[in-house]
Amino acid sequence: MAVVSDTSPLCYLVLIDLIDLLPELYDQVIIPHAVLYELSVPQAPEPVQAWIAQPPVWLEVQSIENQPDVGLIDLDLGEQEAIALAEQLGADLIIVDDRDARQMALQRGLNVIGLLGVLGVAAQRNLVNFSVAIERLQQTTFRVSPVLIESLLERFRVRE
């Protein structure tokens, strides 16, 4: 399964030390150059900069053939290029968290998952304890509705 990822899911997976879930879940993880750039800027957290400075062999960086169309103009460049690359490659899935980017990807017929979804899939496959992963995530700047977190935790408590 080939997946294209936006910046923030990769960033948070690095910060909670679960980035290696991606190659366990997906055959191919691909990012566009804009995401590579966003992960390496000085404003990115140091662990993220260190990780992308020596990217793992399973992470593939690909160029987009054409500039993202004007329909994506309201999104940041990483989101624009991730959606354009997912369309270009016919990716099985795009990993993106931003609400507007998710909506745009869905409108374009892409299969979308966010960071919480990735963690949920990993938990279903017994690759991670969902509650522990969420606890780590809550120690970062990741923001999500407390109601959503509680409903997900409740769903996974039954399984754990």
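Here are a few friendly notes on the sheet, a helix pair and the two largest pockets of this predicted model.

1. **The sheet.** A good place to start is the open sheet, which has five strands in the order β3-β2-β1-β4-β5. Their pairing is parallel. At the edges you will find β3 (59-62) and β5 (112-113), each of which pairs on one side only.

2. **A strand pair to look at.** Strand β1 (residues 2-5) and strand β2 (residues 28-32) run parallel and are joined by three bridges. If you would like a residue to click on, try Val 3, which stands opposite Val 29 in β2.

3. **A helix on the sheet.** Next, turn to α3, which packs on the sheet and touches β1, β2 and β3. The direction of α3 makes about 80° with that of β2.

4. **The same helix and its neighbour.** How do the axes of α3 and α4 cross? The axes of α3 (33-40) and helix α4 (residues 46-53) come within 8 Å and cross at roughly 130°. The two helices are therefore oblique to each other, because an angle counts as roughly antiparallel only when it is over 145 degrees, and as roughly perpendicular from 65 to 115. On the α3 side, the contact is made by Leu 36, Leu 39 and Ser 40; α4 brings Val 48, Gln 49, Trp 51 and Ile 52. Five of these contact residues are nonpolar and two are polar, with no charged residues.

5. **The largest pocket.** This pocket has a volume of about 420 Å³ and a lining of 18 residues. Nearest its centre lie Asp 97, Arg 102, Leu 116, Phe 142 and Val 144. Three helices, α1 (7-15), α6 (99-107) and α7 (115-124), each supply at least two lining residues. Which helix gives the largest share of this lining? That is α6, with four residues. By class, the lining holds eight nonpolar, five polar and five charged residues.

6. **The second largest pocket.** Here the space comes to about 170 Å³. Thr 7, Ser 8, Cys 11, Glu 38 and Asp 76 are the closest to the centre, out of 13 lining residues. Both α1 and α3 supply at least two residues of the lining, and the largest share, three residues, comes from α1. Six of the lining residues are nonpolar, three are polar and four are charged.

7. **Tying it together.** Two helices are worth a second look. α1 contributes to the lining of the largest pocket and also to that of the second largest. α3 packs on the sheet, meets α4 and helps to line the second largest pocket.

Technical notes
Residues numbered from 1 in each chain as written. Predicted model: local features only at pLDDT ≥ 70, side-chain atom pairs only at ≥ 80, totals over all residues. Heavy atoms only, no water. 1 Å grid on protein atoms, 1.4 Å probe; cavity = no way out; pocket = protein on both sides within 12 Å on 5 of 7 lines; lining within 4 Å. Points joined across faces, edges and corners; volume = space filled by probe spheres on them. Nonpolar A, V, L, I, M, F, W, Y, C, P; charged D, E, K, R; others polar. Axes fitted to C-alpha atoms, helices over the stretch in contact; angles between N-to-C directions. Parallel < 35°, antiparallel > 145°, perpendicular 65-115°, else oblique. Contact = heavy atoms within 4.5 Å. Pairing = 2+ DSSP bridges.
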